[in-house]
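Student: Please take me through a close look at a single part of this model. I would like to follow it step by step.

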Amino acid sequence: MSNVVVLSGAGVSAESGLATFRDSGGLWEGYDVQEVASIRGWNLNKEKVLDFYNMRRKQAAGVRPNKAHKAIAELESKFDVTVVTQNVDDLHEKAGSSSVVHLHGMLKQARSEKDESIIVDIGSNPINPGDKAPDGSQLRPNVVWFGEPVPMMETAAKIVGKADIFIVIGTSLSVYPAASLVSYTRKGIPKFIVDPSTPELYSFDGWTHIRKKGEEGMSELKKQLMNQ
Ligand code: APR
């Protein structure tokens, strides 16, 4: 079975109703990323950070996967599919994708602020100041903040290196190291971008850009790949 690897970003969840980060009206227009998604912001004002992720967790729990998530999951009937996502929602899993790597963590998990290996499933529940991890330290979102290492990066790079088909959907490719994954593909494999805009890519050689939103573009690409 051929390996299909999908690298997704916030755009794949846009049609489910979740805001992206850098589009107009995106999350970073309403919040200072350094205040709510960085260690410095956490140390300055834990409550503000917890409120930000509690709001996003509640929102994510209230939406459903869209046709783009479903089309990606349906590729599993013909291909060995791995989704490497920058998203912290679980919409790929809810759509039926069975192999999902979360580069930037997950909203439905919390972790000890002292020990990243101590992870607690919290579903759609909020984390409040004073909520303690098993090691007695404050619980924080199990999300990778700016300036923190991306523990799953090496795993993701190996997965991308084994792709026979590579799909990038709904990411501006503007955040590293995640964006560097595009350079780990083997030479000459078919590579697709599904995005109404143009993500940051050093070169578009060898890429097919389906300049459409996820639901339409991914459904089209799924049909093409299933019939090839
Ligand atoms: N369908 C497909 N793509 C879309 C849609 C849509 N309906 N709407 C927007 N997009 C595209 C945009 O054109 C853009 O290329 O999705 C991308 C969203 O880019 P960003 O907002 O930068 O989101 P993302 O690339 O996931 O950000 C990466 O940055 O802030 C950090 O940790 C955060 O994981 C996030 C990382």
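Student: Into which domains is the protein chain divided, and which residues belong to each?

Tutor: Happy to help! This is a predicted model, where local features need pLDDT of at least 70 and side-chain atom pairs count only at pLDDT 80 or more, while totals for chains, interfaces and linings use all residues. Residues are numbered from 1 along each chain as its sequence is written, and side-chain values use heavy atoms, leaving out hydrogens and water.

The protein chain splits into domain 1 (1-18 + 65-104 + 149-228) and domain 2 (19-62 + 107-143), with bounds taken from an automatic or database domain assignment. Their C-alpha centres are 25 Å apart. Domain 1 brings 14 residues to the contact between them and domain 2 brings 12 residues, where contact means heavy atoms within 4.5 Å.

Now for the ligand: both domains give residues to the shell around it, so the ligand lies between them. There are 22 residues around the ligand, and Phe21, Arg22, Thr171, Ser172 and Asp195 come nearest; a residue is near if one of its heavy atoms lies within 4 Å.

Look next at the ligand's oxygen atoms. One is 2.8 Å from a backbone N or O atom of Phe21. The side chain of Arg22 has an N or O atom 2.7 Å from a ligand oxygen, and for the side chain of His104 that distance is 2.9 Å. Such pairs are polar contacts when the N or O atoms are within 3.5 Å.

Terms used:
A polar contact is a pair of N or O atoms within 3.5 Å; within protein, one must be able to donate a hydrogen and the other to accept it, and residues adjacent in sequence count only if both atoms are side-chain atoms.
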